[in-house]
Amino acid sequence: MVLLGTVVGGVCVPRLQAAEKADSTITSDELEIQNNGEKTYFRGHVVLQEDPYILKADQMARMKATGIVTARGHLDGTWMSEQGEKIKAYGEEGLYNPAPPKTELWGGKPRLIRWETSVDTAPVQVTADRFTADHQEREFFALGHVVMTQVPKVLARSEERRVGKECRSRWSP
């Protein structure tokens, strides 16, 4: 991978490029490069984007040799499919390994929320000690003290029907 960067409105916008896949982008408020780019630190409102994934954190560090990115502080990850499925993940620490593409999340009571479609009213919520996502297989794993919850789906009824039913029950003999 090659680290390229441009400054946009005072924010460094490095682009990570790999020959075999689309560009990844990391944006942040601050950038520190050590040892000729062997390790790059990103601090303040850090966003790693590699469609269809977005990962936000307080800080990230990237190792040039491996492409591995570690993240700390208020991690907020989002994945959205073309069919409308959405997965949100939250935690305090994480790791992204590009080869093979895998993401890990832990610390601070990590949790994952999955909506089946864009209109899903009852997402599945999972808490665990650690989550691992295999990007190629599109699989998520929850490890240690796993708790999964889902509230019953809400079935919407028209306001007119509900009000009409209430009126009939009130005025029935």
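A salt bridge is a side-chain nitrogen of Lys or Arg within 4 Å of a carboxyl oxygen of Asp or Glu. The views below come from a predicted model.

**Figure 1. Asp-76 and Lys-88 form a salt bridge.** The closest N and O atoms of this pair are 2.6 Å apart. That lies within the 4 Å limit, so the pair qualifies. Asp-76 belongs to strand β7, and Lys-88 belongs to strand β8. The two residues are 12 residues apart, and the pair links distant parts of the chain. Is Lys-88 buried or exposed? Lys-88 is buried, because its relative accessible area is 12% and the cut-off for buried is under 20%.

**Figure 2. Glu-93 and Arg-72 form a salt bridge.** Here the closest N and O atoms are 3.2 Å apart. Glu-93 sits in strand β8, while Arg-72 sits in strand β7. They are 21 residues apart, so this pair too links distant parts of the chain. Glu-93 has 25% relative accessibility and counts as partly exposed. Arg-72 is also partly exposed, at 45%.

**Figure 3. Arg-43 and Glu-32 form a salt bridge.** How far apart are the closest N and O atoms of Arg-43 and Glu-32? They are 3.0 Å apart. Arg-43 lies in strand β5, and Glu-32 lies in strand β4, which covers residues 30-34. The partners are 11 residues apart and link distant parts of the chain. Arg-43 counts as partly exposed, with 28% relative accessibility. Glu-32 is partly exposed as well, with a relative accessible area of 29%.

**Figure 4. Glu-85, Arg-114 and Arg-138 share a network.** Salt bridges link these three residues. How many salt bridges does a search of the whole structure find? It finds seven.

**Figure 5. Glu-50 contacts Ser-24 through side chains.** A polar contact of 2.5 Å joins the two. Glu-50 is part of strand β5, which spans residues 39-50. Is Glu-50 buried or exposed? Glu-50 is buried, because its relative accessible area is 12% and buried means under 20%.

**Figure 6. The side chain of Ser-81 meets the backbone of Gln-83.** A polar atom of the Ser-81 side chain lies 3.2 Å from the backbone nitrogen of Gln-83. Where does Ser-81 lie? Ser-81 lies in the loop between β7 (69-80) and β8 (86-98). With a relative accessible area of 9%, Ser-81 is buried.

**Figure 7. Two charged residues lie over Trp rings.** Lys-86 lies over the face of Trp-115, 5.4 Å from the ring centre. Arg-130 lies over the face of Trp-106, 4.2 Å from the ring centre. As for rings that pair with each other, the count comes to one aromatic pair.

**Figure 8. Confidence varies along the chain.** The mean pLDDT of the protein chain is 80. Of its residues, 75% reach 70 or more. Over which residues does pLDDT stay under 50? One such stretch is residues 1-22. In the model, residues 1-22 have 51 contacts beyond four places in sequence. Over residues 158-163 the pLDDT is also below 50. Beyond near neighbours in sequence, residues 158-163 have one contact in the model.

Methods: Residues numbered from 1 in each chain as written. Heavy atoms only, no water. Phe/Tyr/Trp six-rings, centres within 6.5 Å; stacked < 30°, edge-to-face > 60°. Lys NZ or Arg CZ within 6 Å of the ring centre and 35° of its normal. Helix = DSSP H or I, 4+ residues; strand = E, 2+ residues; numbered from the N terminus. Buried < 20%, exposed > 50% of the residue type's maximum accessible area, 1.4 Å probe, protein only. Polar contact = N/O pair within 3.5 Å; in protein donor to acceptor, adjacent residues only side chain to side chain. pLDDT = per-residue confidence, 0-100. Contact = heavy atoms within 4.5 Å.
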